[in-house]
Amino acid sequence: MKLGIFGGTFDPVHYGHLILAETAREACQLDEVRFLPAYSPPHKQNQIITTGKQRVEMLEFATAGFPEFVVDQRELKREGTSYTVETLSEMTEQFPEAELHFLMGADSLIDLPNWRQPQRIASLAKIVAVNRENSSHEDLHQVVSNLPDSIQRSVIILEMPPIAISASDLRLRISEKRSIRFLTPRPVERYIQEHGLYRAL
Ligand code: ATP
């Protein structure tokens, strides 16, 4: 079994996330992609994030009808700071037969050496990376070549057309009463409106 693991804040989930997940599913022939909303991401600790329950509900709406996409709440249940290395160790025990693939955008890959035990992360899972809106495919290759060899060996780079969508841009747009149509699935957009999320930054 090939398992995709996609960690993030998902505050809120948007089409950049979904296209990344689908690109990886297809290219790496993943049987399943698990979306793991972080309880408290180490790099976003000073930011107020929407409750876990609301981020999960938005993820459930975004992935509904796609059986290969699963929302996994383990980091929310574990509470505390969400360290990827802990999550991957846990998943290795739970799915001993599975080949784990950890999905991320270029910004996360640049930051990976600063995460807890990056070498161990790279030994537990293949790191599947895509470029982001502000980075080209060539930049991504450059980022990879700057990583320690032990991490580089585990990286798979995927071609994806840059998708200029970020959760921070969505939050900014909402706070400025601007449109978020076509940036996230309609049910997520409706959920945000109904719950009055992100009206103040
Ligand atoms: P924020 O703008 O609040 O920082 P975000 O849009 O980057 O949020 P996260 O939940 O922090 O969303 O991202 C989870 C993962 O998805 C990260 O690895 C990030 O690089 C990746 N990602 C998010 N948006 C895109 C996108 N448009 N293209 C490619 N990767 C993306």
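What volume does the largest pocket have?

## The pocket

About 870 Å³ is the figure for the largest pocket. This is a predicted model, so every value here is computed from predicted coordinates. As for what fills that space, the ligand takes up the largest pocket.

The lining runs to 44 residues, and those nearest the pocket's centre are Gly7, Gly8, His43, Lys44 and Ser108. Six elements give two or more residues each to this lining: the strands β1 and β4, plus the helices α1, α4 (84-94), α5 and α9. Of these, β4 hands over the largest share, with 4 residues. Sorted by class, the lining comes out as 19 nonpolar, 16 polar and 9 charged residues.

## Around the ligand

Now for the ligand's own neighbourhood. Its shell holds 25 residues, with Lys44, Asp107, Ser108, Arg132 and Ser168 the closest. Lys44 and Ser108 also turn up among the residues nearest the centre of the pocket.

Which elements supply at least two residues of that shell? They are β1 (2-8), α1 (15-27), β4 (99-105), α5 (106-111) and α9 (167-175). By class, the shell is made of 9 nonpolar, 11 polar and 5 charged residues.

## Polar contacts and burial

Three side chains are worth a look for their contacts with ligand oxygen atoms. Ser108 places a polar side-chain atom 2.7 Å from a ligand oxygen. For His14, a polar side-chain atom sits 2.9 Å from an oxygen atom of the ligand. Arg171 joins in too, with a side-chain N or O atom 3.1 Å from a ligand oxygen. And how much of the ligand does the protein bury? On its own, the ligand would expose 600 Å², and 92% of that is buried by the protein.

## Two backbone oddities

A couple of backbone details deserve a quick check while you have the model open. The peptide bond that leads from Asp11 into Pro12 is cis, and its omega is near 5 degrees. You'll find Pro12 in the loop that links β1 to α1, and both of those elements contribute to the ligand shell.

The other one is Gln29. This residue isn't a glycine, yet its phi is positive, at about 50 degrees. Where does Gln29 sit? Look in the loop between α1 and β2 (32-37).

Notes
Residues numbered from 1 in each chain as written. Predicted model: local features only at pLDDT ≥ 70, side-chain atom pairs only at ≥ 80, totals over all residues. Heavy atoms only, no water. Near = heavy atom within 4 Å. Polar contact = N/O pair within 3.5 Å; in protein donor to acceptor, adjacent residues only side chain to side chain. Areas by Shrake-Rupley, 256 points an atom, 1.4 Å probe, with all protein chains shown as cover. 1 Å grid on protein atoms, 1.4 Å probe; cavity = no way out; pocket = protein on both sides within 12 Å on 5 of 7 lines; lining within 4 Å. Sits in = over half its atoms within 2 Å of the grid points. Nonpolar A, V, L, I, M, F, W, Y, C, P; charged D, E, K, R; others polar. Points joined across faces, edges and corners; volume = space filled by probe spheres on them.
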